[in-house]
Amino acid sequence: MAASNPVKGGRGGRRDRRARLGPAGHYLALAPFLVFVSVFLLYPTVVVVMGAFQDNGGHPTLSNLRAVTGSVYADAFVRSIELSAVTALVGAVLGALLSWAIAAAKPEGLVRRLVLAGCGVLAQFGGVTLAFAFIATVGVTGLATNLLRELFAIEPPRGGAWLFDMPGLMVVYTYFQIPLMVLVFLPAVEGLRPQWHEAVQSLGGSTWRYWRHVGGPVLSPAFLGATLLLFANAFSAYGTAAALVSQGSPIVPLQIRAFMTSEVITGQQNLGKALGLGMIVVVALFMGLYALLQRRTARWLR
Amino acid sequence: MRRTAAPRRWTGHSALRALVLAASALYFLLPLMAMLEFSTRGTTGRSLESWRAIGSTPAMLAGIRISLTQAVLTTALVLGLLVPTTAWVHLRVPQLRRAMELVCLLPLTIPAIVVVVGIADLYAWVTYLLGDSPLTLTFAYGVLALPYAFRAIDNGLSAMDLRTLAEAARSLGASWTTVLLRVMVPNLRVALVSAASLTMALVLGEFTLASLLNFDNLQVEINVIGKRDAGLSVAVALASMIFAFVVLFVLGFIGRRLPSTTSDDDVPAAVREEITS
């Protein structure tokens, strides 16, 4: 069907046009996507990146970046990275375990439907809503706080204020990382063919051997990829932190909020762009690592 | 040493799976139960006061309407752009696949909070051209949903033998539209439902762009109300979660109820119809 020799003229008009377009036509089909991405993704990115290197008058400068690598902001970056790494690792391991448990459930069954819908809500719906969920659970007068106090006379650390600082963010972030892991990782677990397990069994291999030599290696690129995705997810998250933390700005997204909403420092709005560039650099580092890993391991998936 | 018999090991696995599921259910349901408890506290005993207040808060109802519309529009935008483009890249320009993946994953490297910084000026133009409606956020939300939707669709396309299916259909005379709609989409339905649910949940839960670009939507209203009345706000948060859950749950049914075309004879059958019609 594919016309290797472009036919000129003739009656098969449709076929001719396609043949004449050739490779250019192949790229033309990508135009709508490219336009959308350029306007709403690439242009704003350029604005942030350029702005980070400009002063208020639009002149090139490094003072924004110099200010951002100062101690207060550097501390915020360290805290953001810690928060993302811990919650990504815990979320990935627990989420993979849950994916494995769900993968055995009937694909059309009620359990699977309930779990997937629940994961969708908790992973992507998160933000503000989950902040209030945890205020109701382990906040100063939350259900769990009250129960612990009444039954065991256990007082929450720092009078319940721990929820509104880094420890609280760790707990809530983990809560939405696990379901995201399930959503991202479950398709890979389902990609494991039962025949592979049967093949190992028929050759006398144990279940451990199957996971060690077949299941594990096949899933590991997907697992690593998903873990990096979880890191990016936590590092980028804003809603939960914005709703929980009202005093101070311990992590980078809250520092940016301060720049965007505070009137005192409106003269320095490009500092916010420099912080944004810093976030992009950190996450891009992880995604670059992910791309390298993918290239090395993708061949086992084919 | 010989292993134990297969059926017994299988039972052990099932028990472990059940244990994992039960522990997860407990972990994930506890905060939701706490929300129910928190939102039904009265001055003396239980009260539905907070829940009744939802219906009589017009700002809340408007927020729900806006977020729902945003979710539908964004899903349509993302699927409409990504499905044909990704399929085309897989089939015709596979050398661009990594480039497309990089572009689609770019929003992961550009957090929503940074997108706000970059897009604020652009939205001055968008609102100037299209009006000051929160629905214009659809474009920005499309960008946020890009990585998740792309990953789902790309995985779906990689999992099926796209080239063989497409070539079979094409060699029987099917147009590209037919290949897309009657061969790929049915085979992609799980991936499409996954992409759609991720997108809808993301939009229904979106707070960052709306709040910092000064548009009202569901989450912005929840946060604003939460400052006045924690009980009401927890009630609304729980209601919105249940609501999103129901939406995703129903969407899951719709996705799986489409006529199955995964069996071997069905794809040629669909193409055959196209030829004879």
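The following conversation concerns the contact between two chains and the packing of helices in a predicted model.

Biologist: How many residues of chain B are in contact with chain A?

Modeller: In this predicted model, 86 residues of chain B are in contact with 92 residues of chain A.

Biologist: And what area is buried between chain B and chain A?

Modeller: The buried area is about 7800 Å², and carbon and sulfur atoms give 75% of it.

Biologist: How many salt bridges does the rule find across that interface?

Modeller: The rule finds 0 salt bridges between chain B and chain A.

Biologist: Let us turn to helices. At what angle do α12 of chain A and α5 of chain B cross?

Modeller: Helix α12 of chain A, residues 252–261, and helix α5 of chain B, residues 112–130, cross at roughly 25°, and their axes come within 10 Å. Because angles under 35 degrees count as roughly parallel, α12(A) is roughly parallel to α5(B).

Biologist: Is that crossing left-handed or right-handed?

Modeller: The crossing of α12(A) and α5(B) is left-handed.

Biologist: Which residues meet there?

Modeller: From α12(A), the residues are A:Pro253, A:Ile256, A:Arg257 and A:Met260; they meet B:Ile113, B:Val114, B:Val116 and B:Val117 of α5(B). By class, this contact of α12(A) with α5(B) has 7 nonpolar residues, no polar ones and 1 charged residue.

Biologist: What about α6 of chain A and α11 of chain B, where do their axes come and how do they cross?

Modeller: The axes of α6(A), residues 127–138, and α11(B), residues 218–228, come within 8 Å and cross at roughly 35°. In this pair, A:Val128, A:Thr129 and A:Phe132 meet B:Gln219, B:Ile222, B:Asn223 and B:Gly226. The contact of α6(A) with α11(B) comprises 3 nonpolar and 4 polar residues, with no charged residues.

Biologist: Now within chain A: how do α8 and α10 pack?

Modeller: Helix α8 of chain A, residues 166–190, packs against helix α10 of chain A, residues 207–236, at an angle of about 150°, with the axes 10 Å apart. The two helices, α8(A) and α10(A), are therefore roughly antiparallel, and α8(A) passes α10(A) in a right-handed crossing.

Biologist: Which residues make the contact?

Modeller: Among them are A:Tyr173, A:Phe176 and A:Leu180 of α8(A), together with A:Leu219, A:Phe223 and A:Leu230 of α10(A). The residues of the contact of α8(A) with α10(A) divide into 15 nonpolar, 2 polar and no charged.

Terms used. Residues numbered from 1 in each chain as written. Chains lettered and ligands numbered in written order. Predicted model: local features only at pLDDT ≥ 70, side-chain atom pairs only at ≥ 80, totals over all residues. Heavy atoms only, no water. Axes fitted to C-alpha atoms, helices over the stretch in contact; angles between N-to-C directions. Helix = DSSP H or I, 4+ residues; strand = E, 2+ residues; numbered from the N terminus. Parallel < 35°, antiparallel > 145°, perpendicular 65-115°, else oblique. Left-handed = near helix turned anticlockwise from the far one by under 90°. Contact = heavy atoms within 4.5 Å. Nonpolar A, V, L, I, M, F, W, Y, C, P; charged D, E, K, R; others polar. Buried area = accessible area lost by both parts, 1.4 Å probe. Salt bridge = Lys/Arg side-chain N within 4 Å of Asp/Glu carboxyl O.
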